[in-house]
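I'm opening a fresh page for this one. My notes follow in the order I looked things up.

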Amino acid sequence: MLSNIGIPGLILIFTLALIIFGPKKLPEIGRAFGQTLKEFKKSTRELTSDITDDIADDIKEIKEIK
């Protein structure tokens with residue numbers, strides 16, 4: 001998705017964000033976005049781990065039945 005933006009596009013986006021939000025709010029917004037992304041990754045990792053564990057348990061049960 002972001003592979004087509006390039007350096008000029010990133011500079012334009014950063015400049016617009018700086019104009020819209022101002023230099024004082026921009027770090028706060030970036031920090032909040034980073035924390036949100038971190039929590040999302042953590043939740044995704046936990047969900048994936050739970051599903052993998054459930055599948056492994058089901059495979060063990062099937063092998064025990066055979």
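What radius of gyration does the protein chain have, and what would a compact globule of 66 residues have? I got 21 Å for the protein chain, against near 11 Å for the globule. The radius is taken over C-alpha atoms, and the globule rule is 2.2 Å times the number of residues to the power 0.38.

A note on the source: this is a predicted model, where local features need pLDDT of at least 70 and side-chain atom pairs count only at pLDDT 80 or more, while totals for chains, interfaces and linings use all residues. Residues are numbered from 1 along each chain as its sequence is written, and side-chain values use heavy atoms, with hydrogens and water left out.

Next I checked the outline: the C-alpha trace spans about 65 × 25 × 10 Å along its principal axes. I found one helix and zero strands in the protein chain (DSSP runs: H or I of at least four residues for helices, E of at least two for strands).

I then looked up the record. UniProt's unreviewed entry puts a "transmembrane region" at residues 6–23; such annotations may be inferred rather than shown by experiment. That span is 100% helix and 0% strand, and its end C-alpha atoms lie 23 Å apart.

I picked Leu12, which sits in helix α1 (residues 6–65). Leu12 counts as exposed because its relative accessibility is 52%, and exposed means over 50%, buried under 20%, with a 1.4 Å probe and protein chains only. From Leu12 to Asp54 I noted 46 Å, C-alpha to C-alpha, with their positions 42 residues apart in sequence.

Last entry: buried residues make up 6% of the 66 in the protein chain.
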